[in-house]
Amino acid sequence: MAFNKRVKIKTILDHHPIGTEVTLMGWVRTKRSNKNVSFIALNDGSIITNYQVVADPNLISEEILKKCTTGACLKITGKIVESQGAGQSSELNAEIIEVLGEADPEKYPLQPKKHSLEFLREIAHLRMRTNTFGAVFRVRHALAFAVNKYFNDKGFFYIHTPIITASDAEGAGETFKVTTLDLHKLPKTDDGRIDFKQDFFERETNLTVSGQLEGELAAMALAEIYTFGPTFRAENSNTTRHLAEFWMIEPEMAFYDAEDNQNLAEDFLKYVIRYALENCAEDLKFLDQRAAEEESAKPADQRSELGLIEKLKFVVDNDFVRLTYTEAIDILRNSNPNKKKKFTYLIESWGTDLQSEHERYLVEKHFKKPVILTDYPKEIKSFYMRQNEDGKTVAAMDILFPGIGEIVGGSQREERLDLLTKRMEEMNIPQEEMWWYLDTRRFGATPHAGFGLGFERMILFVTGMSNIRDVIAFPRTPGNAEF
RNA sequence: UCCUCCUUAGCUCAGUUGGUUAGAGCACAUGACUGUUAAUCAUGGGGUCCUAGGUUCAAGCCCUAGAGGGGGAGCCA
């Protein structure tokens, strides 16, 4: 006989089935008791709202009620009735309570009170049971769904690029090695190097740092594709915006130039944010209040002018600013912090890369909206980016978001074989092992473009969380692979 | 990797110029209470003051090293 006859709390709140008999299953958040009645706040994950269960000690034994402690899992059957209390319109009068799983209150670490995010990170296996993380992961799901829906509705094809790769030439960062060799007895070649011919793939392999190059191959056949998968970078980065394992969305489109690419990226970002606003109202309302509390703890000059939901609506309703690197340098060179030498790195000449402080100034102080920066000097960008007519810049774009920094990096790709191989030579990119990539420029090459978007950075922006470790269930960072 | 701050009860924190038995709120337990909303009230239990050295008559407090964590920078998404 099937076990699951539960009704979800979200369903009850949507339909208010007063008078019907239902079974709820979920976890106790709090219990309040007096001599005549106990109130259990139950959460089943379907929605952030807890549902009130009323237990009459004449119907439910003291032995059972004693086990209904914070964190315990219950199966409750009873009748939905109008609530006599003020905090909710309906509630469940319990007739049968079955304790599916107890939670020793002396040992269960989550309490009905506010916990610090740092503490909850240490108990990541339980933190999804809190309001904040429940909200974050429901929003994360909605955003992932919206990503697939957006591209599917536009006729893009979802390509699964490999996780294990042999190419190390993207230049996107340090890689994690993949091997089945015995690390204590590494086979050596005659000249003393590790003999990867004896390894599983008979060559050196690593976890992917980007699906872009493979994505380009697919775009040369299916025209408009995207990837959405895990990405691995072994950089020793310890910041609130970096993970060693993160999820990246990488659309790649044949017949798109740089401007088409920018249009797609802006439309895409607005779509998924709008999707969250329309489909995660309760969770975003909670996160909005949470963010407001965090803001009120900050000194007045560091507080943001807009609340979380206001900020999301603002991004959806306003055009992003588009300007070239050269224009940005002019603005920065003449900015107050540059003139008054407030920047740690002063802007003096064209050609240097922008630092975080410069990006933040442009986005948060000067324009106060998302910025698409284009046409960077070729020296500070990747080999595959299309070279502009001026001979100095490439058709790159970075999209900068307030509070996050770079959320998207992309470009029109260099489709001209001679220019591409020349650039690879200049940048010491080995061409032999990239023969398959260069083949796309030999056979049926066309203008094409694409971008990469860090999924967790998008979640950070939409949820208003400030540390990237709090928007992925089990974060992987230097020195941390628990759970 | 660099800079910087932090580590005291299950959690969040206080702890005076180094000085007797290390405190509070919340949580938890017990009891009270005729419907509560993070209920309230009373009582109670709970400590390797991150670790290892050192200075001192005396160290939670000072010094050295290490571990763990936060924030910032670089790298990037």
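The legends below describe close-up views of a predicted model.

**View 1. A salt bridge between K154 and D267 joins distant parts of the chain.**
In this predicted model, the side chains of K154 and D267 form a salt bridge in which the closest N and O atoms are 4.0 Å apart. The two residues are separated by 113 residues along the chain, with K154 in the loop between α4 (131-153) and β6 (157-158) and D267 in helix α6 (residues 258-279). K154 counts as partly exposed, since its relative accessibility is 39%, and D267 is likewise classed as partly exposed, with a relative accessible area of 37%.

**View 2. The salt bridge between R441 and E216 has its two residues buried.**
R441 and E216 form a salt bridge whose closest N and O atoms lie 2.8 Å apart. This pair, too, links distant parts of the chain, for R441 belongs to helix α13 (residues 435-442) and E216 to helix α5 (residues 212-222), 225 residues apart. With a relative accessibility of 7%, R441 counts as buried, and E216 is buried at 0%. The pair takes part in a network of salt bridges that links E216, E252, R413 and R441. The count of salt bridges in the model comes to 26.

**View 3. A salt bridge within helix α7 connects E294 and R290.**
The side chains of E294 and R290 meet at an N to O distance of 3.8 Å. Both residues lie in helix α7 (residues 281-296), where they are four residues apart, or about one turn of the helix. E294 is partly exposed at 35% relative accessibility, whereas R290, at 12%, falls under the 20% limit and therefore counts as buried.

**View 4. Strands β7, β9 and β8 form an open antiparallel sheet.**
The three strands are arranged in the order β7-β9-β8, and their pairing is antiparallel. Because β7 (164-165) and β8 (177-178) stand at the edges with a single partner strand each, one side of each is left without a neighbour in the sheet. The antiparallel pairing of β7 with strand β9 (residues 205-207) runs over two bridges, and T165 stands opposite N206 in β9.

**View 5. I163, I164, F200 and F201 make a nonpolar surface patch.**
The patch formed by these four residues covers about 370 Å². Among them, I163 lies in the loop between β6 and β7 and counts as partly exposed, with a relative accessibility of 36%.

**View 6. Strand β13 is largely enclosed and pairs with β12 and β14.**
Six of the seven residues of strand β13 (residues 371-377) are buried, so the strand is largely enclosed by the rest of the structure. Strand β12 (residues 321-324) pairs with β13 in the parallel sense over four bridges, and in this pairing L323 stands opposite L373 in β13. Strand β14 (residues 393-401) runs antiparallel to β13 and is joined to it by six bridges, with T374 opposite M397 in β14. D375, which also lies in strand β13, has a positive phi near 55 degrees although it is a residue other than glycine. The relative accessible area of D375 is 22%, and D375 is accordingly classed as partly exposed.

**View 7. Helix α11 has buried residues covered by several helices and strands.**
The 12 residues of helix α11 (residues 356-367) should span 16 Å at 1.5 Å a residue, and the end C-alpha atoms, which are 15 Å apart, agree with that expectation. The buried residues in α11 are E357, H358, E359, Y361, L362 and V363. Their cover includes α9 (325-333), α10 (336-339), β13, β14 and β15 (405-412). After the helix comes K368, whose phi is positive, near 55 degrees.

**View 8. F483 has a positive phi without being a glycine.**
The phi of F483 is about 65 degrees. F483 is found in the segment after α14 (455-463), where its relative accessible area of 39% places it among partly exposed residues.

Note on methods
Residues are numbered from 1 along each chain as its sequence is written. Chains are lettered from A and ligands numbered from 1 in the order in which they are written. This is a predicted model: local features need pLDDT of at least 70, side-chain atom pairs count only at pLDDT 80 or more; totals for chains, interfaces and linings use all residues. Side-chain values use heavy atoms; hydrogens and water are left out. Buried means under 20% relative accessible area, exposed over 50%, partly exposed in between (1.4 Å probe, protein chains only). Two strands pair if DSSP finds at least two bridges between them. Patches are made of residues with over 30% relative accessible area and no salt bridge: like charges are joined within 9 Å, nonpolar side chains (Val, Leu, Ile, Met, Phe, Trp, Tyr) within 5 Å. Accessible areas come from the Shrake-Rupley method with a 1.4 Å probe; for residues, only the protein chains shown count as cover. The expected span of a helix is 1.5 Å times one less than its number of residues. Contact means heavy atoms within 4.5 Å.
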